[in-house]
Amino acid sequence: MTTTDIPASTARPKRPATAQKRRPKREREGAAWVFLSPWVLGASVLTLLPMVVSLYLSFTDYNLFDPPHWVGLRNYTQMFTEDPRYWRSVMTTLMYVVIAVPLQLALALVVALALKPMKRGKGFYRSAFYAPSLLGASMSIALVWRAVFNDGGTVDNLLGTGGWVNKPGWALLAVALLTVWQFGAPMVIFLAGLQQIPAELYEAAAVDGAGKWRQFLSVTVPMLSPVLFFNLVLQTIQAFQVFTPAFAVSAGKGGPADSTLVYTMYLYDRGFVASHMGYASAMAWVLLLVIGAVTAVLFRTSRSWVFYASEGDR
């Protein structure tokens, strides 16, 4: 019996174990980048690039027709020291946020509490209450809202108070009520959070003699605080960016007497009506920084009132 030795030069070398493991990893990363490429491309072209251009324009004098002219910080100094309408838009927006956000969240929570014990028809009522959140952002609904609160409209006929949209003291409230009417999205989130609260907690509270109001304060509010915090942050950010209701109710003028001139509406006026796009870009970046600061404050203060069951503390 003879044996044949394979020449050393023809023997296939073994790959290192690290190379065998590294190749599948590279293949997985390549596949991941292929699937992520549409999002990366969209985020880069439609978000990051416009943000960079907007930041550059905020330091220029640009009227949409002529090339941008570098002016440094002049747009920002003019905004803070020479433009009284800018500060009126800031105060109007703050008033709107303070009025609309608490009322919307309160109404959403009340409706969610009413829907939670329902056994029949919950899906229908949930869809019916959610519908305004889908329709309310449209210009057509905002125009209907203007007709309801105008002179001779439904509110005038029922209350005899005249048209709210023509009164400086009432016009902003009419805009805020349109936002409050769109409580469907936070309501659905509240309802999902309420359904996650264990029934044993309410039974234990009832055994201890707690009534419905005490159960709400001692059980519902602490257990629902993460959901409440989520809705608060989301609706606050959206409220600072309100545009369509104010634009429609005031017929695009922010009146009467600038009482509905919210920040984004004045930004639109400076950028697309007066063709001061550099100034509008500066306003947009200030709004971004303010929203970021407000969100950071909300996250900072949440440590004292948001309860997470997994942590076991506040």
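Select R85 to begin: at 24% relative accessibility, R85 counts as partly exposed, a class that lies between buried (under 20% relative accessible area) and exposed (over 50%), computed with a 1.4 Å probe on protein chains only. The model is a predicted one, in which local features need pLDDT of at least 70 and side-chain atom pairs count only at pLDDT 80 or more, whereas totals for chains, interfaces and linings use all residues. Residues are numbered from 1 along each chain as its sequence is written, and side-chain values use heavy atoms, with hydrogens and water left out.

Now add D258 to the selection, and the side chains of D258 and R85 will be seen to meet in a salt bridge at 3.1 Å, N to O, where a salt bridge is a side-chain nitrogen of Lys or Arg within 4 Å of a carboxyl oxygen of Asp or Glu. This pair links distant parts of the chain, since D258 lies in the loop between α11 and α12 while R85 belongs to helix α3, 173 residues apart; helices (H or I, at least four residues) and strands (E, at least two) are DSSP runs, numbered from the N terminus. D258 has 15% relative accessibility and therefore counts as buried. Add R88 as well, because R85, R88 and D258 are linked in a network of salt bridges.

Stay in helix α3 (residues 84-115) and select S89, which counts as buried because its relative accessibility is 0%. Leaving aside residues up to four places away in sequence, S89 touches L261, V262, Y263 and Y266, a contact being heavy atoms within 4.5 Å.

Select helix α12 (residues 263-273) next, which is mostly covered, with 8 of its 11 residues buried. Those buried residues are Y263, T264, M265, Y266, L267, D269, R270 and G271, and they pack against α2 (74-81), α3, α10 (212-240), α11 (244-249) and α13. Within this helix, the side chains of D269 and R270 meet in a salt bridge of 3.1 Å, N to O, and both D269 and R270 are buried. After α12 comes S275, whose phi is positive, near 60°.

For another of the 4 salt bridges in the structure, select D61 and R74, whose side chains meet at 3.6 Å, N to O. The pair again links distant parts of the chain, with D61 in strand β1 (residues 60-61) and R74 in helix α2, 13 residues apart. D61 counts as partly exposed at 37% relative accessibility, and R74 likewise counts as partly exposed, at 44%.

Move on to helix α9 (residues 199-207) together with α10, which pack at an angle of about 160° with their axes 10 Å apart. That angle makes α9 roughly antiparallel to α10, a label for angles over 145 degrees, where axes are lines fitted to C-alpha atoms, for helices over the stretch in contact, and angles run from 0 to 180 degrees between N-to-C directions. To view the contact itself, show L201, Y202, A205 and A206 in α9, which meet Q215, V219, T220 and M223 in α10.

Finally, colour the chain by pLDDT, the predictor's confidence in each residue, from 0 to 100. The mean pLDDT of the chain is 84, and 89% of its residues reach 70 or more. Confidence is lowest in helix α6 (residues 154-159), at a mean of 77, and highest in helix α13 (residues 277-301), at 94. Where pLDDT is low, the predicted coordinates should not be read in detail.

Key: Angles under 35 degrees count as roughly parallel, over 145 as roughly antiparallel, 65 to 115 as roughly perpendicular and the rest as oblique.
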